[in-house]
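Reader: I am new to this structure and would like to understand how its descriptions are reached. Could you take me through the reasoning behind the words used for it?

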Amino acid sequence: MNPFVPIRLHDECVVLEPLSLDHVPALETAAADGELWKLAVTSVPPPGQARGYVEKALQGQAEGHMLPFAVREAGSGEIVGSTRYYEIDPALPRLAIGYTWYARRWQQTHLNTACKRLLLEHAFEALDCVAVAFHTDENNEESLRAIERLGAQREGVLRAHKRRTDGSLRNTVCFSILADEWPNVGNWLGMRLNRLATS
């Protein structure tokens, strides 16, 4: 049985729902909070392009190398962004977590910690992954700090790895968490989430 199938993950803070075309209007609204598509270091759908964004993610899911989610904030019930598993390698198994973005008002809150804890817990405890990777633009200082706060280890830089939405070349910083590191990382994320949620 293939364990890499769409699944709903949730806790008291957030719900991660399998991404679908039904989420398109809400994603348009979430991306508009902060005009996130204007940031060269992220890939957020511009106005009118959320449908194509979702369709491309679902194509990756159909091809077996992605599992995309819509992010629903549990308290308000609002769809506030998106994230996904990608570069899924069932043979190891191993995957990466990324394509993550949130409406401006939910950035630098407990939301990202809650999402990452759910995704990492499922990857290591249900999917039995040997490692989980994170990749980000070397110029995305906010993302670099957020990944480091998760407890991921920096591995190196892939130079001239991709093109940004503006066509410029991007160097990609690579991080990972190994399966035997997960218990300590999970404990740390739980303590951090408790502190953030009550502050």
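Reader: What covers the buried residues of helix 1?

Author: This is a predicted model, and in it the cover over the buried residues of helix 1 includes helix 2, strand 4 and strand 5. The residues concerned are Val24, Leu27, Ala30 and Ala31, in a helix that spans residues 24–32.

Reader: What makes these buried residues of helix 1 line one face?

Author: Looking down the axis of helix 1, one finds its buried residues within an arc of 120°, and therefore they line one face of the helix. As background, an α-helix has 3.6 residues a turn, so residues three or four places apart point the same way. The face of helix 1 turned away from the buried side carries Pro25 and Thr29, which are exposed.

Reader: Which residues make the contact between helix 1 and helix 2, and at what angle do the two helices pack?

Author: The two helices pack at an angle of about 115°, with their axes 9 Å apart, and their crossing is right-handed. Helix 1 brings Val24, Leu27 and Glu28 to the contact, while helix 2 brings Ala50, Arg51 and Val54.

Reader: Why is Glu17 called buried?

Author: The word rests on a cut-off, since a residue counts as buried under 20% relative accessible area. Glu17 has a relative accessible area of 15%, and therefore it is buried. Glu17 lies in strand 2, and, leaving aside neighbours within four places in sequence, it is in contact with His23, Pro68, Phe69, Ala70, Arg72 and Ile79. One of these, Ala70, is also the bridge partner of Glu17 in strand 3.

Reader: Why, then, is Pro3 called partly exposed?

Author: Partly exposed is the term for what falls between buried, under 20%, and exposed, over 50%. The relative accessible area of Pro3 is 37%, so Pro3 is partly exposed. Pro3 belongs to the segment before strand 1, and although 124 residues separate Pro3 from Leu127 in sequence, the two are 6.4 Å apart in space, C-alpha to C-alpha.

Reader: How do you know that strand 2 and strand 3 are paired?

Author: Two strands pair if there are at least two bridges between them. Strand 2 (residues 14–18) and strand 3 (residues 66–73) are joined by 5 bridges, so they count as paired, and they run antiparallel. By the same reasoning strand 3 pairs with strand 4, because 7 bridges join them, again antiparallel; in strand 4, Tyr86 is the bridge partner of Met66. Strand 4 and strand 5 are likewise antiparallel, with 6 bridges between them, and Gly81 has Tyr102 as its bridge partner in strand 5.

Reader: What makes strand 1 and strand 7 edges of the sheet?

Author: The open sheet has 8 strands in the order 1-2-3-4-5-6-8-7, with mixed pairing. Strand 1 (9–10) and strand 7 (153–163) each have a single partner strand, so one side of each is left without a neighbour in the sheet.

Reader: What lies between the strands of the hairpins, first from strand 3 to strand 4 and then from strand 4 to strand 5?

Author: Between strand 3 and strand 4 there are 5 residues, and Gly77 in that turn has a positive phi of about 80°. The hairpin from strand 4 to strand 5 passes through 4 residues. Pro93 is found in the loop between strand 4 and strand 5, and the peptide bond that leads to Pro93 from Leu92 is cis, with omega near -10°.

Reader: Why is strand 4 described as mostly covered, and where does Glu87 stand in this respect, buried or partly exposed?

Author: Of the 11 residues of strand 4, 9 are buried, and the strand is accordingly described as mostly covered. Glu87 has its place in strand 4, but with a relative accessible area of 48% Glu87 is partly exposed, because this value lies between 20% and 50%. The phi of Glu87, near 50°, is positive although the residue is not a glycine.

Technical notes
Residues are numbered from 1 along each chain as its sequence is written. This is a predicted model: local features need pLDDT of at least 70, side-chain atom pairs count only at pLDDT 80 or more; totals for chains, interfaces and linings use all residues. Side-chain values use heavy atoms; hydrogens and water are left out. Buried means under 20% relative accessible area, exposed over 50%, partly exposed in between (1.4 Å probe, protein chains only). The arc is that of the directions from the helix axis to the C-beta atoms. Contact means heavy atoms within 4.5 Å. Axes are lines fitted to C-alpha atoms, for helices over the stretch in contact, and angles run from 0 to 180 degrees between N-to-C directions. A crossing is left-handed if the near helix is turned anticlockwise from the far one by less than a right angle, and right-handed if clockwise.
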